[in-house]
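Hi,

Here is the structure I said I'd send over. Have a look at it first, and then read on for my notes on what turned up.

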Amino acid sequence: MSIQVFGLPISRGVAIGRAVLVASSRLDVAHYFVDPSEVRTEIERLRAARDSVAEEFMALKRDMPTDAPQELSALLDVHLMLLHDDTLTSATKQWIVERHYNAEWALSAQLEVLARQFDDMEDEYLRERKADLEQVVEQILRKMVRDPSHDGTAAGLERVLPPDRDFGGEDALVVVANDIAPSDMLQFKRSVFAGFVTDVGGRTSHTAIVARSLDIPAVVGARDASRTIRQDDWLIIDGDMGVVIVNPSPIVLEEYRFRQRQSELERIRLSRLRHTPAVTLDGERVELHGNIELPSDAEQAFEAGAVGIGLFRTEFLFMNRNGDLPGEDEQFEAYVKAVEAMHGMPVTIRTVDIGADKPLDRMSVSELRHEHALNPALGLRAIRWCLTEPVMFRQQIRAILRTSTRGKVRMLVPMVAQLREIRQTFEAIERAKAQLREAGIPFNRVEVGAMIEVPAAVMILPTILRHFDFVSVGTNDLIQYTLAIDRADESVAHFFDAWHPAVLGMLATTINACNAAGRGVSVCGEMAGDPAFTELLLGMGLRSFSMHPARIPAVKQRILRADTRKLVPRAAAVLAHEEPELEMRRLQAG
């Protein structure tokens, strides 16, 4: 029977495929695909782990004191029975053989199937045996996780199907999970997944941002999706409406396949604009830059027609490394790769923005304190964290400075809010320069910019503009901190409002102040890539946008059709209205 699950639409488009439930068990295990040649090995790992657990159960039963309750012996008998039950072991092998899941993933998937069968049982005693099944499976998983013969390097979604496997079309897969970490989201770049749905999350959580950057249809904040959807269910993810259709009827399926084809045709049509300069009807030239997470993304930005990189989120170089952070030389090579891919166009490298929903897996003393903070979004993150890690921070600064000899590079500092932080930041930059001079390593002048992400930064703009060469507005955090809303919390996601008069007022104040002071200003948050805001931002005086490369064609199309002489008074009217979004729609309709 077809059902619908509702959530937040965070990444447009339609995805159709089979459901893949990730991390179904209580134990966090690796989920990855194995090569056909590794199938036998995975089955052997499963068998060895099961036999080891069985031996432990038998030993416990054998060594049980004579005065022990009979219920304990009976419980062990139940666990042994479940351990050797064909519906657990044989079906798990089937996941490995047919889907090429690794052993842990296969066992977690079969647990999900069996747990639902237990839930559907009318007999209360039988329903309660689900807990026994979960305990047995967890014992097996623990054995495999600790298996010394297994390198354990593939965590999250880090390995993909071998090249000879084709999972397109009818075999497309859709991830269903309680949540997906931003670092794991990066694995979608090299994976076969067509989309995803999560129980938690907000429109501008970093998981959502990365989903949009990958141009993957997604729905978050769907509450009980991971418990409602069953392994291998057919799913349609409607990223425009925020709806997940489970086991759709043939008519609905065909309708959405038609929408997929239409979207692809529209994408092809817009791609023809990539070499067209972004110039308005009245001759105003607009710069469209790309946001990237990894150096390899720069090539995509160049191909999409970006005239530079407006935001290189370097924190993704630091994730999924098991505590082994990238050194100066490794960072230098990564930054050079991005610079060379842009063929002389500018690359803005943001210093690492760790914290909130982007933690590192390495835990220093300061990070341990942060991990247990009551509100990580207000804790030790971004420039605050960097200043508490001076060695790491100077390494990154030196790597950025060294890259300046290979092309035009700019440095961007996140979450600037206080004069003390500004002074400490520039002291760190000067020390890094001195170290390079002492070592005889060349570097060129690098412009340094500040991200405007908190209301305090807007209030001290004159101070910021005296110290920094340019400004970039991160609208995602600016909205979060202005409206006091955790952007990763789906329970308050409906309050997240980019059209709020206070948000638009601060944005206009920032753009006007920068233009008056002759300082460059760009918007690199989600608003920059949303065509609904393009005309308003142009009317405010913005001439530099930075967004995911996939969004450049749609925004460029709006710019090519715009006349800023008409947009300036329209923007003033919108800013003066108590309901800006309604006013904007009225003016556009008229």
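**Salt bridges first**

Let me start with Arg-261, which is partly exposed, as its relative accessible area is 44%. Before going further, please keep in mind that this is a predicted model.

Which residue does Arg-261 pair with in a salt bridge? The partner is Glu-254, and the N to O distance between the two side chains is 3.3 Å. Glu-254 has a relative accessibility of 42%, so this residue counts as partly exposed too. As a reminder of the chemistry, side chains of opposite charge can pair when their charged atoms come close.

That pair is one example from a longer list: searching the whole structure gives 33 salt bridges.

Another group is worth a look on your screen, and Asp-353 is a good place to begin. Is Asp-353 buried or exposed? Its relative accessibility is 1%, and the cut-off for buried is under 20%, so Asp-353 counts as buried. Asp-353 makes a salt bridge with Arg-350, where the closest N and O atoms are 3.8 Å apart. Arg-350 is buried as well, at a relative accessible area of 4%.

Asp-353 also meets the side chain of Arg-381 in a salt bridge, at 3.3 Å from N to O. Where do these two sit along the chain? Arg-381 is in the loop between helix 12 (365-371) and helix 13 (382-388), while Asp-353 is in the loop between strand 11 (347-350) and helix 12, so this pair ties together parts that are 28 residues apart in sequence. With a relative accessible area of 2%, Arg-381 is buried. Through shared partners, salt bridges link Glu-315, Arg-350, Asp-353, Arg-381 and Asp-477 into one network.

**Cysteines**

How many disulfides does a search of the whole structure find? The answer is 0. For context, a disulfide is a covalent bond between the sulfur atoms of two cysteines. If you want cysteines to click on, try Cys-386, which is buried at 0% relative accessibility, and Cys-524, which is buried at 3%.

**The overall fold**

Stepping back, the protein has 23 helices and 16 strands. Of its 590 residues, 54% are buried. Taking contacts between residues at least 6 apart in sequence, 71% of them join residues at least 24 apart.

Here is a pair that is separated in sequence but not by much space: Asp-224 and Asp-199 are 25 residues apart along the chain, and their C-alpha atoms are 5.7 Å apart. You'll find Asp-224 in the loop between strand 6 (218-220) and helix 8 (225-228). Asp-224 is partly exposed, at 40% relative accessibility.

**Pockets and cavities**

Next, the empty space. Rolling a probe the size of a water molecule over the atoms shows where empty space is left.

The largest pocket has a volume of about 1,000 Å³. Its lining is made of 30 residues, and those that lie nearest its centre are Asp-215, Ser-263, Arg-267, Leu-270 and Ala-550. Which elements each supply at least two residues of that lining? They are helix 9 (250-271), helix 10 (297-303) and helix 21 (552-560). Helix 9 gives the most, with 8 residues. Sorted by class, the lining of the largest pocket holds 12 charged, 10 nonpolar and 8 polar residues.

Then there are the enclosed spaces: the count is 5 cavities of 30 Å³ or more. I took a closer look at the second largest cavity, which holds about 80 Å³ of space. It is lined by 13 residues, with Asn-291, Arg-313, Glu-526, Met-547 and His-548 lying nearest its centre. Helix 7 (206-213) and strand 16 (544-547) each put at least two residues into this lining. Helix 7 gives the most, with 3 residues. By class, the lining of the second largest cavity has 6 polar, 4 charged and 3 nonpolar residues.

That's it from me for now. Shout if anything looks odd when you open the file.

Cheers

Key:
Residues numbered from 1 in each chain as written. Predicted model: local features only at pLDDT ≥ 70, side-chain atom pairs only at ≥ 80, totals over all residues. Heavy atoms only, no water. Disulfide = S-S within 2.5 Å. Buried < 20%, exposed > 50% of the residue type's maximum accessible area, 1.4 Å probe, protein only. Salt bridge = Lys/Arg side-chain N within 4 Å of Asp/Glu carboxyl O. Helix = DSSP H or I, 4+ residues; strand = E, 2+ residues; numbered from the N terminus. 1 Å grid on protein atoms, 1.4 Å probe; cavity = no way out; pocket = protein on both sides within 12 Å on 5 of 7 lines; lining within 4 Å. Points joined across faces, edges and corners; volume = space filled by probe spheres on them. Nonpolar A, V, L, I, M, F, W, Y, C, P; charged D, E, K, R; others polar. Contact = heavy atoms within 4.5 Å.
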